[in-house]
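Here's a structure to talk through, with an eye on what lies behind the labels. Have a look, then read on.

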Amino acid sequence: MKVCVLPGDGIGPEIVAQALRVLQALDLQLSFEQAPVGGAGYRALGHPLPEQTLELARASEAILFGAVGDFSLDSLPRELRPEQAILGLRKELNLFANFRPALVYPELVQASTLRPEVVSGLDILIIRELTGDIYFGQPRGIRTLDNGEREGFDTMRYSESEIRRVAHVGFQAAAKRGGRLCSVDKANVLDTMQLWREVVSSVGREYPSVQLSHMYVDNCAMQLLKNPKQFDVIVTGNMFGDILSDEASMLTGSIGMLPSASLNEHRFGLYEPIHGSAPDIAGQNVANPLATILSAAMMLRFSFDQAAAADRIEAAVRRVLAQGLRTADICEPGARQIGTREMGDAVLAAL
Ligand code: NAD
């Protein structure tokens with residue numbers, strides 16, 4: 001089981017180091033190879049996604065990713081900016097299904113800005129299509145009209161096969177969880193989304209055990225704040241998923257706790273925390289490594305069929321939280337504040 005390790009920029013190397021310690025402690029047949037990506041890729045090899053890094057990713061079975069982003073490189077042309085690395089990996093490896101769980105741990109209920117009774121026990125999964133939609137549709141651009149005014153335009157597009165494959169992912173995930181799938185669209189206004197609803201409904205006939213519902217995206221944005229526990233799995237397109245998954249992650253209030261996975265059809269996956277490179281706290285041993293450690297657990301579950309090992313990591317994280325140990329971002333009065341490395345130590349001890 002070969003893992004390509006891409007720590008990236010800012011806090012990336014610090015948090016990935018802790019996830020690697022946890023993976024190594026499990027005594028699985030994992031091998032790791034590291035490569036530069038993002039700003040680190042640009043500095044080492046002149047490109048945010050150097051050819052060697054991409055080759056290593058292709059030759060591996062999963063990627064453990066830290067974060068990319070380095071404000072000192074923001075003046076580079078767009079194609080050389082660190083963030084291009086993640087877009088390039090999604091595209092080159094066809095990582096079309098993005099899994100974003102939003103889970104509220106009992107010990108962290110107070111971290112949410114919502115009332116405890118609204119979020120306590122929350123456990124939802126958003127599956128966002130990641131390689132299609134208005135983010136990639138052509139034509140797009142800014143043109144000058146006959147009257148001299150400029151006009152910006154983008155194209156929302158989804159083919160039936162793109163909708164079908166992510167719908168299957170959604171139904172399969174729901175079948176393994178609470179058995180409920182909510183497909184989110186805007187079929188009342190957009191033709192593309194009318195096709196989305198038709199195709200998802202037809203795929204649904206292959207999964208009689210899963211209860212399918214449909215919701216318009218504007219309503220979903222409201223329902224996530226009003227009564228988020230009504231959801232089990234949500235499947236949606238790229239742009240709606242981008243917005244809703246960030247909204248859902250904030251229900252938990254703790255950006256340093258949330259893992260994610262981006263998968264292709266062969267269960268190859270890129271696993272990363274949902275947060276960025278946090279340059280404001282990089283190198284200070286204060287970043288929360290738990291989102292990355294939980295991303296490593298997702299990797300074991302999804303790409304390597306090691307559910308028992310994944311369960312062990314997740315149980316260890318719960319135990320550490322129950323012990324009252326917290327990094328600064330989730331620390332409340334009465335808890336004990338510890339650093340990035342010490343959080344890694346605590347998870348290892350709990351394992
Ligand atoms: P960010 O997620 O890096 O940070 C937002 C805030 O959350 C900061 O105050 C930061 O200190 C805090 N934070 C983030 N992760 C944390 C952790 N693990 N522990 C404790 N606190 C944490 O978002 P930003 O500041 O908007 O962006 C910084 C850089 O990251 C930018 O260059 C951006 O483009 C990039 N970015 C990369 C990714 C990615 O690699 N997938 C995602 C988002 C942003």
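**Two domains and a ligand**

This model is predicted, and the protein splits into domain 1 (1-96 + 264-351) and domain 2 (99-256). Between the centres of domain 1 and domain 2, taken over C-alpha atoms, there are 24 Å.

Q: What makes the pair Arg 165 and Glu 265 a salt bridge?
A: Look at the closest N and O atoms of Arg 165 and Glu 265: they are 3.8 Å apart. The cut-off is 4 Å, so the pair makes it. The tally between domain 1 and domain 2 is 1 salt bridge.

Q: How do you know that domain 1 and domain 2 are in contact?
A: Contact means heavy atoms within 4.5 Å. By that test, 21 residues of domain 1 touch 18 residues of domain 2. There are also 3 residue pairs in polar contact between the two domains, both residues at pLDDT 80 or more.

Q: Why give an area for the interface between domain 1 and domain 2?
A: An interface's size is often quoted as the accessible area lost when the parts come together. For domain 1 and domain 2, about 1800 Å² is buried, with carbon and sulfur atoms giving 68% of that.

Q: Why is the pairing of His 275 with the ligand called a polar contact?
A: A polar side-chain atom of His 275 sits 3.1 Å from a ligand nitrogen. The limit for N or O pairs is 3.5 Å, so this one qualifies.

Q: What makes Gly 276 and Asp 280 polar partners of the ligand?
A: Gly 276 uses a polar backbone atom, 2.7 Å from a ligand oxygen. Asp 280 brings an N or O atom of its side chain, 2.9 Å from an oxygen of the ligand. Both distances fall within 3.5 Å, so both count. As for cover, the protein takes up 70% of the 810 Å² of accessible area that the ligand has on its own.

Q: Which residues surround the ligand, and what kinds are they?
A: The shell holds 21 residues, the closest being Val 68, Glu 83, Gly 276, Ala 278 and Asn 288. By kind, the shell has 10 nonpolar, 6 polar and 5 charged residues.

How values were computed:
Residues numbered from 1 in each chain as written. Heavy atoms only, no water. Near = heavy atom within 4 Å. Polar contact = N/O pair within 3.5 Å; in protein donor to acceptor, adjacent residues only side chain to side chain. Areas by Shrake-Rupley, 256 points an atom, 1.4 Å probe, with all protein chains shown as cover. Nonpolar A, V, L, I, M, F, W, Y, C, P; charged D, E, K, R; others polar. Domains from an automatic or database assignment. Buried area = accessible area lost by both parts, 1.4 Å probe. Salt bridge = Lys/Arg side-chain N within 4 Å of Asp/Glu carboxyl O.
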